[in-house]
Amino acid sequence: MKTGLILPLLAVCSVLLPQSLAFAEDSPPPTPNFVKDGKLDIDAAIQYFDDLYRSESSTGEVEMTVTRPRRTQTMRMKIWTEGAKKSLVVIQSPPREQGTATLKVDNNLWNYMPRIKRTVRIPPSMMLASWMGSDFTNDDLVRESSMLEDYTYETAGKSESPAGWLIRCTAKPEVVGLWNRIDLIVSEDGTLPLQAMYYDRKDRLSRNLYWSDVKVLGGRKLPAMMKLVPEGEAGHETIMQYHDITFDVTLPADTFSLSRLEQTP
Amino acid sequence: MSFVTLRMGWRNLGRNRKRTLLAIGAIALGQLTLIIVNSLMEGFFQDVLETITGPMVGHVQVQHAGWREERAVDLYLDHVSDIRRGLEAMPEVRRVSPRIVSFALAASGEKSDTPAEAEPAVIAGLDIVGETEKGGMLEGLDAARQPASGEVVVGAVLATRMGVVPGQLLAVIGQDADGFPVSELFPIKAIINSKVDLIKTMGIVMSMEDAGKLLIMPDQAHEITVYGHDFQEADALKAAIGTIPALREASIQTWREAVPQIVQIIKVKSWFDFIFVSIVFIAAAAGIANTAMMSTFERKHEFGMLLAIGSRPRRIVGMVVVESVILGLIGILAGTLIGVVLVLILSKTGFNYALLGGGEADSITYRDITISFVIYPYLRFKHVFYGLIAVTLTSVLASLWPALLAARLEPAEAMHT
């Protein structure tokens, strides 16, 4: 699993289905089943999940709703990705935010503010700060950790609520990261993520991520909604609702450049 | 006590001048230490207190009930100008300073080929003119360096990190009170230092109006700092502020409540006063007791003679005690004189105790207060007085025993020794 959350969901499945465009939007593609003889084939499921977030390239449209105890605000944004290393997010609405953009290339993050026509680089020290006022952090956008590479994983049995398999992913000791452990619940057939519980370095539950609204997007059956709920912060949550995704589009070479960042409408 | 007793006491001190001088030196050194150390501590804590009850917390601080916990931009007080008018009309209130405080990102706003690196910063929207008064956040900032409308001044540490200088543009990126991203460019009027660490290391200071416009907070503020006539009367001021209906839901705190840890340290400090007085007391007691005993035992023969020719034992006691008291007072006087002169000099030059450790930094930060390593000692009369009382009492007590011994001498026996 990619712990980078916002962009990767977009990138869902291009590796699995490079031919995804062959599927009509309304005819769901065949999905594998990783349960054999009543047991989850965890290696296959994790590999599938890890790859779920990799794609050659993609474009998508997302609506982000940030809820706070005293207010709720919604922003609509367009996202371009290339592999796991490059991505560009541009806010489309509300009008006063239009054109505000975030560019990620490798571990670098830049923000462009059209109002002042300036781009600033977000320093590593600000990686844990909120991204665009949401519960996601800059780190969520930048991080490229791979479940296969950074975590050891084991099936911890069946989960009852939500129904599925509980996979316990423990960070390898040498890996530097925010999370000590991620408990991931996947669907009964092992192909869809349902919930992830993130435990911090002191092994305290820090946040919950819920996937829902499974539909066919970009020729692939996947959860179109992600809800991030930080633990211990009543009234705080961020929902990412995917409206459209297209995979393996050909993107202009300069899509992920600083000059392009500043031109994006 | 007769004049003769006084004179005899005085003349007795001259019998062994070396011994007397040594005793006086010991007492003087004690008093000198007491004065210097207490004045330095007083100067240090006065500096800290002035920062807390001045720019940092004021005498009483009014905030949204959730502000201290969460510091979220939308936890503000409403109708600030009405509240301000209400506060200013109160006889207890000397000055009112509403403030907007919001975390943000800042970077150089100058055009360049490579994007500037953003730094974490704090937007401080202040009543610029009011805050330049004594005890304000911008105390002493002259008019030429005050930010006009649309301008900002930047904390020295933040400015260094961003590599900006006055005259350049600063890009400020934050979130408004509704959580939407906001950004603005501001010309930098000046780079400032502040005793409030947050301002020095992260501060972007602008007018309340500009901050309100940027963060969409019309007539709103995150805190209102209120100054009464005396910071020691903050509790009464707090009670008075609490009667304003618009602030019924707000959090109202005195400076003591706002920074309890530092108040605790100041309390501990008064114990140090006591410890130092005790040290002087003991040093004086040892010096005087020794001198008094030696000179008494040396003079057994003489005392016997005096008793034999009809001196009353009371007179003998009086003579020995007077001798000690004079000794103590001279010591105190010498110590006080040297101490006061030293304190006066240091209060002009400042005492840089970082140099003692060979350090080059000029300040440290504790609990958001920048504490300078350079102390300007502050002498209080009580510190001289403590020493005076302690030594006078000690002189009497320490000499009483040898004096009583001398008074009880058997004249015939004493004259034989």
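Where in chain B is the place of B:Trp67? Keep that in mind as you read these notes on a predicted model.

1. **A tryptophan to start with.** B:Trp67 sits in helix 3 of chain B, which covers residues 67-70. This residue is buried, because its relative accessible area is 0% and the cut-off for buried is under 20%. If we set aside residues up to four places away in sequence, B:Trp67 touches B:Ala72, B:Leu75, B:Val101, B:His222 and B:Glu223. You can also locate B:Trp67 against B:Val226: the two are 159 residues apart in sequence, and their C-alpha atoms are 17 Å apart in space.

2. **A helix worth tracing end to end.** Helix 2 of chain B runs over residues 17-56. Here is a little check you can follow: at 1.5 Å a residue, its 40 residues should span 58 Å, and the end C-alpha atoms are 56 Å apart, which agrees. Of those 40 residues, 29 are buried, so helix 2 of chain B is largely enclosed by the rest of the structure. After helix 2 of chain B comes B:Gly58, which has a positive phi near 75 degrees.

3. **How to look at helix pairs.** Before the next points, one idea helps: a pair of packed helices is described by the angle between the two axes and the distance between them. It is also handy to recall that an α-helix has 3.6 residues a turn, so residues three or four places apart point the same way.

4. **Helix 2 with helix 13.** In chain B, helix 2 packs against helix 13 (residues 313-349) at an angle of about 40 degrees, and their axes are 7 Å apart. That angle makes helix 2 of chain B oblique to helix 13 of chain B, because only angles under 35 degrees count as roughly parallel. The crossing of these two helices is right-handed. Sorted by class, the contact of helix 2 of chain B with helix 13 of chain B has 15 nonpolar residues, eight polar ones and no charged ones.

5. **Helix 2 with helix 11.** What is the angle at which the axes of helix 2 of chain B and helix 11 of chain B cross? They cross at roughly 175 degrees and come within 9 Å. That makes helix 2 of chain B roughly antiparallel to helix 11 of chain B. In the contact of helix 2 of chain B with helix 11 of chain B there are 19 nonpolar, six polar and five charged residues.

6. **Helix 11 with helix 14.** Helix 11 (residues 260-298) of chain B also packs with helix 14 (residues 381-407) of chain B, at an angle of about 30 degrees and with the axes 8 Å apart. That makes helix 11 of chain B roughly parallel to helix 14 of chain B. Their crossing is right-handed. The contact of helix 11 of chain B with helix 14 of chain B is made up of 18 nonpolar, five polar and two charged residues.

7. **Over to chain A.** Chain A has five helices and 15 strands. It has 265 residues, and 55% of them count as buried. Among the contacts in chain A with a separation of 6 or more, 52% come from residues 24 or more positions apart.

8. **One such meeting of distant stretches.** Is A:Ile239 buried or exposed? A:Ile239 counts as buried, because its relative accessibility is 17%. This residue belongs to strand 15 (residues 237-247) of chain A. Along the chain, A:Ile239 and A:Met64 are 175 residues apart, yet their C-alpha atoms are separated by 5.6 Å. Leaving out residues up to four places away in sequence, the residues that A:Ile239 touches are A:Glu63, A:Met64, A:Thr65, A:Met225, A:Met226 and A:Lys227.

9. **Two cis prolines.** A cis peptide bond links A:Ser93 to A:Pro94, with omega about 5 degrees. A:Pro94 lies in the loop between strand 5 (86-93) and strand 6 (101-105) of chain A. The peptide bond from A:Ser161 to A:Pro162 is cis too, and its omega is near -5 degrees. A:Pro162 lies in the loop between strand 9 (151-159) and strand 10 (164-171) of chain A.

10. **Two aspartates with positive phi.** A:Asp213 is not a glycine, but its phi is positive, about 55 degrees. A:Asp213 is in strand 13 (residues 205-217) of chain A and counts as partly exposed at 34% relative accessibility. In chain B, B:Asp219 has a positive phi near 50 degrees. B:Asp219 is in the loop between helix 8 (208-214) and strand 9 (223-227) of chain B, and is partly exposed with a relative accessible area of 39%.

Methods
Residues are numbered from 1 along each chain as its sequence is written. Chains are lettered from A and ligands numbered from 1 in the order in which they are written. This is a predicted model: local features need pLDDT of at least 70, side-chain atom pairs count only at pLDDT 80 or more; totals for chains, interfaces and linings use all residues. Side-chain values use heavy atoms; hydrogens and water are left out. Axes are lines fitted to C-alpha atoms, for helices over the stretch in contact, and angles run from 0 to 180 degrees between N-to-C directions. Helices (H or I, at least four residues) and strands (E, at least two) are DSSP runs, numbered from the N terminus. Angles under 35 degrees count as roughly parallel, over 145 as roughly antiparallel, 65 to 115 as roughly perpendicular and the rest as oblique. A crossing is left-handed if the near helix is turned anticlockwise from the far one by less than a right angle, and right-handed if clockwise. Ala, Val, Leu, Ile, Met, Phe, Trp, Tyr, Cys and Pro count as nonpolar, Asp, Glu, Lys and Arg as charged, and the others, Gly among them, as polar. Buried means under 20% relative accessible area, exposed over 50%, partly exposed in between (1.4 Å probe, protein chains only). Contact means heavy atoms within 4.5 Å. The expected span of a helix is 1.5 Å times one less than its number of residues.
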